Each structure stands twice: as C-alpha cells, then as structure tokens.
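Trainee: I'm new to this one and a bit lost. Could you pick a single part, look at it closely, and then work outwards from there?

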Protein chains: 2
Amino acid sequence: VTGFGPEHLPYGVFRRAGESPRVGARLGDGVLDLAALAADGPLDEDPALFARPSLNALMAAGRPTWTRVREALRALAAGPDAEPATVAVDDVELLLPIAAGDYVDFYSSLEHASNVGRIFRPDAEPLVPNWRHMPIGYHGRAGTVVVSGTPIRRPSGQRREPGDEAPVFGPSVRLDIELELGFVVGAASALGEPVAVDEALDHVFGVALVNDWSARDLQAWEYRPLGPFLAKSFATSIAAWVTPLEAVLDRRVGAPAQEPAPLAYLREDPWAFDLDLEIELNGTTVARTSARHLYWSAAQQLAHLTVNGASVRVGDLFASGTISGPERGQRGSLLELSWNGAEPIELADGSTRSFLQDGDEVVLRGSGGAVTLGEVRGRIEPAG
Amino acid sequence: VTGFGPEHLPYGVFRRAGESPRVGARLGDGVLDLAALAADGPLDEDPALFARPSLNALMAAGRPTWTRVREALRALAAGPDAEPATVAVDDVELLLPIAAGDYVDFYSSLEHASNVGRIFRPDAEPLVPNWRHMPIGYHGRAGTVVVSGTPIRRPSGQRREPGDEAPVFGPSVRLDIELELGFVVGAASALGEPVAVDEALDHVFGVALVNDWSARDLQAWEYRPLGPFLAKSFATSIAAWVTPLEAVLDRRVGAPAQEPAPLAYLREDPWAFDLDLEIELNGTTVARTSARHLYWSAAQQLAHLTVNGASVRVGDLFASGTISGPERGQRGSLLELSWNGAEPIELADGSTRSFLQDGDEVVLRGSGGAVTLGEVRGRIEPAG
C-alpha cells in the first residue's frame with residue numbers, strides 16, 4: 001500500500017468487533033491503536049486522548065500536542081515498537097472521524113461556478129457578480145455527515161418539471177456527486193474575533209476528501225431565495241482518514257493572481273494544494289482533476305467565514321466546493337461531466353450515465369507526493 | 001411575576017457563582033435546582049440528568065422522562081417542598097440552554113416573505129414560485145447561537161453600494177433583527193427515515209423565542225446563488241428558558257386553508273400557535289404581532305426538513321423565520337418596519353431608526369394564556 005507510509009499517518013476512528021471506538025493512525029495496511037500505544041508506553045501521552053469515538057479530544061488538546069503525537073508516531077512507524085499495537089485495517093470498522101459542529105460548504109472553483117452558471121442561467125453571465133470578490137459559501141447539515149462506505153439512500157423531495165407550474169413529489173431523478181476537499185478545524189476561535197488569512201491554517205487540523213451528494217432537481221426548485229437545503233442535507237460523505245495538515249503542506253504551489261485583487265482581509269500570496277483527484281463510478285474513472293484548480297484557498301475560506309465575528313469550534317468542517325478544472329474530463333460533478341444530461345458519460349461496461357442510478361458506487365480518490373488521501377466511497381440505495 | 005407559574009415551568013441552565021452549570025426550572029422569580037431536588041428526594045430522578053451544562057441529557061432521556069419530570073415539578077411547585085431548592089433568578093447566571101447540533105431557519109411567514117420580495121424585487125412577484133409549496137429554509141450556524149443577554153458585536157463584511165461595481169468592506173450599516181419562534185428537537189430521528197407531519201411534534205421538546213440578527217447589506221451582496229451566510233452567522237440569540245411543548249399545546253388554533261393544498265407529506269389540518277409577540281427597541285415597543293400569522297406550522301417545517309431522509313439530533317434547533325402580520329405595526333424586522341429605511345420608525349426618546357445603532361438594546365417578548373415565554377435580549381456593541 002503506497003501513500004500510507006510514515007510520512008502520512010492520517011488519523012481515524014476504528015472499532016474492533018465488540019469493543020469501543022478509539023482513535024487510530026493508518027500505517028500501510030494497518031491501524032496503530034494509539035490508546036494502546038499510550039497505555040503501553042511507546043507513545044508518551046494520556047491514553048484518554050485516544051480512547052474516544054472521535055478525533056475531537058485530540059484536536060482540542062492543541063497544536064503542540066498534535067505536533068508531539070505526530071513526531072512520536074513518525075519515529076514509532078520507522079521502528080519495531082509499533083507492530084504489537086497494529087491491527088489490520090480490514091479487521092476493523094472505520095467510523096466517522098470527527099464530531100462536526102458546523103459544516104460550511106464553499107464554492108471555490110472558478111470552473112465549477114462558471115459551468116453551473118452556464119448550465120442553469122444560460123442567458124446571463126456565468127459568474128454571479130460577487131464570485132470573484134469572496135469565497136461564496138453556505139452552511140450544510142453537520143448531522144448528516146457520514147463516513148466513507150455509508151450507503152446513500154436516494155432522497156425524495158419536490159421538483160418541478162419543465163413547463164409545469166406545480167411541483168411533484170418523489171425520489172430525486174438527478175442525483176449527483178460533488179468532489180471536494182474538506183478541512184477539519186482543530187483549533188477554535190473566539191466569537192467576535194475574525195481569523196486573519198495568514199493565521200487561518202493554524203486553525204486547521206487536517207484535510208479529507210468529501211463527497212457532497214446533491215439532488216439537482218430538488219436544488220433547482222428550492223434554492224431561491226435562501227440557497228440549497230434538502231438538495232444537500234440528506235448526506236455528505238467524508239473519508240475515514242483525516243490527513244494531518246503537516247503531511248500536505250509541501251504540496252502547496254503558487255497560483256495565478258486573483259483578478260480583481262481581493263479585499264485586504266482575503267489578500268495573500270495565491271496558492272493551492274497540488275493534489276491529484278479522481279472520481280470513479282462503477283469502476284470507471286470518469287474524471288481526473290486537481291485541487292490546484294481551486295481559486296479561493298482554504299485560508300481565504302476560513303478568513304471569510306470568520307470575518308463577521310463568527311467563531312469556529314473544534315471539529316467544524318469546511319469544504320472547498322466542487323473542484324473542476326478547465327478540461328471536460330476534469331469536472332468534479334456529473335452535472336458538469338454530462339452537461340446536465342446533454343452529453344452522457346460512458347462507463348466501461350458500455351452503459352451511460354447523466355446522473356446516478358440505484359446501485360451505482362462512487363469512489364473519490366486523491367494523492368500527492370507520498371500521501372494518498374483516504375478514499376470516499378458510497379453506493380446509492382433506492383429511495384425508501 | 002406572571003406567566004411563570006406552575007402551568008409553565010420552562011427549563012434552562014443556570015450557574016451560581018463559582019459552581020458548575022446545572023439544569024433548572026423557572027418558577028416565578030426563582031429557579032428550581034433540579035439536581036438538588038433529585039439528590040434530596042422530592043424529584044425521583046437521577047441527579048446526573050440535571051448536573052449538566054445543557055438540557056441535552058434530559059431531552060435524550062426521552063418523552064416519558066420529560067412527562068414524568070414535568071408532572072413531578074408541577075406537583076412540587078404547588079407545595080412547600082420546592083422552596084429549599086429554589087434560588088432567585090437574579091442571583092444566578094443564565095447560560096445557553098441547549099447544545100444545538102444543527103440550526104435551521106425557515107421563512108414561514110407569508111407576510112414577511114411577501115414584504116421582503118416587495119422590498120428587494122420590486123418588479124417581480126413578491127413571492128417566489130416555490131413559497132406556497134414548501135416551507136423554505138436554510139441552515140444557519142449552530143456554533144454562534146447565544147443565550148439572551150449576550151452582547152452582539154456589529155459584524156463587518158462586504159457590501160456593495162448602489163451603483164458601484166466593486167464591494168467595500170466595513171461594519172454593517174443595515175443591522176437588523178428577526179423576531180422568530182424557535183423549536184428545540186428533543187427526540188432524534190434516524191437517517192433515511194422522514195418524520196411524518198402528524199408525528200413531528202413528538203420530536204419537539206419545547207419552544208423558545210429567537211432573534212436571528214441579520215446584516216441586510218451583507219445579505220444583499222452575498223446571497224446569490226447559495227443563500228445567506230455571513231449576514232446571519234455572526235449571532236443568533238435564543239431565550240434562556242425553553243418552554244415545554246406541553247405548556248403551549250392549548251395555544252394551538254385553527255388557521256386558514258393553505259392554497260394551493262400542499263403535497264401529501266405536508267398535509268394536516270392548518271393550525272398555528274396563538275402566542276402574542278412583541279419587539280421592544282430601547283424601551284419602545286415597535287411591533288406587536290402573533291405566531292398565529294405563520295403560514296407553515298412547526299410540524300410542516302420538521303416534516304419538510306426530514307422528507308429527504310435527513311435526520312435530526314437531540315438539541316437541534318429550528319426556527320420559524322421572521323413573524324410578520326398583515327398590519328404595518330405587526331412586522332417582525334426593522335427592514336419591514338422601516339420599509340428598508342424609507343419610513344424610519346420613531347422611538348419614545350424622539351429618535352428614529354431604520355436599522356440598529358451601536359448601543360441599541362432589543363428585547364423580544366412573547367406570551368399566551370398562563371405562559372410568558374423567556375425574553376430574548378441583546379445590545380449592539382460597536383464593530384471590533
């Protein structure tokens with residue numbers, strides 16, 4: 001298994017059959033049992049930090065602890081002491097790694113926002129006037145963030161067919177995915193005190209792939225004037241493994257200057273994460289893109305989120321929004337890949353897709369350098 | 001003190017100086033210390049339910065417990081046993097009563113939605129096409145829900161002045177209130193399983209007034225296409241006292257038929273809460289309205305919120321949206337009361353207001369029958 005070596009060591013929550021959930025770190029095909037390592041001595045930390053159903057206690061312990069634990073694990077991973085406390089990843093159940101407070105979803109890919117504008121508002125400018133001035137975002141539903149592998153039941157709701165005045169009710173017929181990079185807040189901020197853009201990454205514990213499942217038909221009917229609601233709130237999948245920010249800091253690359261220059265609170269040297277991303281649908285890779293296509297950085301997202309005085313809490317999640325690149329095969333949603341159904345995509349089995357069918361399985365993957373991000377997997381179940 | 005008799009007994013969280021937070025019930029000018037009553041015997045419950053910083057443990061214990069506790073407290077309140085466990089409300093600090101998971105804000109007043117449409121989209125139909133088909137809502141920020149009395153710092157953010165192309169950054173100049181009725185979820189639902197409209201109130205623990213502070217200038221610039229974000233997320237105030245649903249069930253009154261008839265999952269005999277509401281600004285009552293003006297009921301709101309399979313958790317909060325009646329003096333926001341500044345309102349001191357100034361204090365009140373809802377108070381502090 002490449003991408004899960006001692007340079008990576010992502011954190012997750014696992015459960016052995018019949019036992020309580022606890023925090024682990026992924027190493028190759030194994031999971032380091034951190035509570036056991038702390039109890040037995042090789043890891044000089046309070047085992048209570050890890051005998052928990054989420055990473056929140058570890059995160060709340062603060063960055064010095066994160067750094068100390070990570071350094072200790074890197075040393076352990078290179079030596080023989082880790083082995084007795086390692087369990088095979090296939091022998092455990094992986095659980096939701098974070099207890100998310102608030103979940104904010106941004107809209108930070110210029111290509112995605114432009115594509116959506118072209119599809120839904122063909123007679124208008126693709127980008128809304130505010131888009132280049134701020135990282136547009138909205139609050140999603142934290143309580144329906146689920147771990148990779150959780151089945152996704154097709155949502156029902158209201159949609160309006162073209163030409164009709166009244167809506168109909170039923171299972172979504174335009175169920176979609178959104179390939180996103182999520183950021184987990186590990187350090188809280190105070191109410192009334194904005195986080196400066198150049199301090200924003202200090203609040204980020206780690207990154208994880210996110211699939212923001214979306215019912216496009218529900219969304220089109222409900223979103224005026226208060227934004228997406230039921231079209232998104234039925235489920236958001238996150239990887240079981242949260243990659244420590246430190247493990248991807250060297251993947252930062254410069255980005256083109258933002259035009260127009262953003263307001264002072266958003267200004268920084270433009271950068272993005274050079275992480276390769278892909279979408280697999282029923283075994284066929286249907287898109288390959290990169291997080292470097294994002295226009296607004298994670299730091300700008302967090303600075304914007306808090307500039308009005310809103311606070312963040314340990315465990316909060318914010319995500320980039322769908323990541324699309326300039327080429328057709330680099331689009332991060334089926335809406336864009338199939339151009340709203342006008343150009344269905346072909347799968348290896350000869351079938352075509354515009355949106356998801358029951359039984360379809362989607363896997364999001366990502367990697368960069370020595371790091372393979374935890375995958376996000378989900379299979380569509382029929383509506384209830 | 002009227003409205004806080006044995007028929008009411010709202011729950012809150014209080015703290016004596018130097019002690020831990022615990023759950024109390026309001027009785028007249030006093031607070032019943034429920035952990036003490038349970039420890040000493042008059043209340044036959046586990047004291048650990050109440051030695052907590054939120055109502056969540058009590059709520060999670062389930063409706064049979066809620067009923068049992070309420071009946072015991074009603075009996076106690078009528079007798080002499082409560083007195084030794086009572087502390088004067090003025091001698092304690094009142095804390096945020098709930099640990100809110102997700103916060104959803106609806107838009108359920110026909111008059112409010114129509115007024116907003118007339119103000120912001122004067123050339124279009126006041127109501128968006130979906131409004132009469134579903135309770136429009138969006139997710140707010142749960143982490144910035146604060147208890148009544150918490151100072152509200154004026155938010156800063158981007159706004160665009162009329163005629164300008166680029167936005168400016170600075171303190172909001174159109175800071176507003178929204179008078180709302182909030183509903184606290186006490187019984188969770190399962191992911192993938194909608195809550196039927198006729199079972200929705202089974203999930204509601206209680207009601208509380210909510211002030212959904214809103215920066216109208218930030219909102220106007222940011223809200224397309226994903227809805228309000230920073231305009232709302234800096235603070236949402238909730239009363240310190242959560243009124244048990246049972247205490248207001250007799251305030252339900254019939255409401256006019258909804259036209260067109262809603263889809264089946266929203267259909268019920270129309271009803272609303274007959275609760276008188278008012279807004280006081282710097283000592284002047286600037287609006288008197290009623291929750292009976294709401295078009296969509298709390299049951300319809302919860303049925304809609306979950307119809308796509310989204311789950312609710314113990315402690316979730318959902319609110320009605322601004323409550324406005326048909327008359328000018330019945331409007332639940334300054335935006336409407338001053339008609340976006342065109343008709344400033346007069347205060348008793350001779351000054352006028354279109355939106356809030358620094359130092360202004362707003363109090364929301366509500367009552368019905370034997371029940372006075374806990375007030376929501378907030379004073380505006382200058383931007384940081």
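Mentor: Sure. Before we start, two residues are in contact when they have heavy atoms within 4.5 Å of each other. Also keep in mind that this is a predicted model.

Let's zoom in on Ser333(B). You'll find Ser333(B) in the loop that runs between strand 22 (317-319) and helix 8 (334-337) of chain B. Its relative accessibility is 0%, so Ser333(B) counts as buried. Who does Ser333(B) touch, if we skip its neighbours within four places in sequence? The contacts are His112(B), Asp176(B), Ile177(B), Arg216(B), Ile279(B) and Thr322(B). There is a partner just along the chain as well: the side chains of Ser333(B) and Glu336(B) are joined by a polar contact of 2.7 Å.

Now follow strand 22 of chain B to another element. Strand 22 is one of the pieces that the buried residues of helix 7 of chain B pack against, along with strand 6 (103-106), strand 13 (179-185) and strand 19 (271-273) of chain B, and helix 6 of chain A. Helix 7 spans residues 298-306, and nine of its nine residues are buried. Among them are Leu302(B), His304(B) and Leu305(B).

While we're on strands, hop over to chain A, where strand 13 covers residues 179-185 and holds Leu181(A). Leu181(A) is buried too, because its relative accessible area is 0%. Val207(A) is 26 residues from Leu181(A) in sequence, yet their C-alpha atoms are 6.9 Å apart in space. Beyond four places in sequence, the contacts of Leu181(A) include Val207(A), Phe273(A), Phe318(A) and Leu373(A).

What about the nonpolar interior? The largest nonpolar core has 232 residues, and Leu73(A) and Leu73(B) have the most contacts inside it. Past four places in sequence, Leu73(B) touches Leu9(B), Tyr11(B), Ala25(B), Leu32(B), Leu34(B), Leu37(B) and Leu43(B).

Next, step back to where the chains meet. Chain A puts 57 residues into the contact and chain B puts in 56. About 5,100 Å² is buried between the two, with carbon and sulfur atoms giving 62% of that area. Arg141(A), Leu226(A) and Phe229(A) stand out here: they supply 16% of what chain A buries against chain B, more than any other three residues.

Arg141(A) is worth a second look, since there are two salt bridges between the chains, and Arg141(A) makes one with Asp316(B), the closest N and O atoms being 2.9 Å apart. There are also 24 residue pairs in polar contact between chain A and chain B. On the side of chain A that touches chain B, the elements giving two or more residues include strand 7 (137-140), helix 5 (216-222), helix 6 (230-233) and helix 8 (298-306) of chain A. Strand 7 of chain A gives the most, with four residues.

How do the two copies relate? Turn chain A by 180°, with 0.0 Å of shift along the axis, and you superpose it on chain B with an RMSD of 0.0 Å. The copies are thus related as by a two-fold rotation axis. They use the same surface, too: 98% of the contact residues of chain A recur in chain B. If you want to find the axis on your screen, look for Gly227(A), the residue of chain A that comes closest to it, with its C-alpha at 2.0 Å.

Key. Residues are numbered from 1 along each chain as its sequence is written. Chains are lettered from A and ligands numbered from 1 in the order in which they are written. This is a predicted model: local features need pLDDT of at least 70, side-chain atom pairs count only at pLDDT 80 or more; totals for chains, interfaces and linings use all residues. Side-chain values use heavy atoms; hydrogens and water are left out. Copies are superposed by least squares on the C-alpha atoms of residues with pLDDT of at least 70 in both. A nonpolar core is a set of buried Ala, Val, Leu, Ile, Met, Phe, Trp, Tyr and Cys residues joined through side-chain atoms within 4.5 Å. Buried means under 20% relative accessible area, exposed over 50%, partly exposed in between (1.4 Å probe, protein chains only). Buried area is the accessible area (1.4 Å probe) that two parts lose on being put together, summed over both. A salt bridge is a side-chain nitrogen of Lys or Arg within 4 Å of a carboxyl oxygen of Asp or Glu. A polar contact is a pair of N or O atoms within 3.5 Å; within protein, one must be able to donate a hydrogen and the other to accept it, and residues adjacent in sequence count only if both atoms are side-chain atoms.
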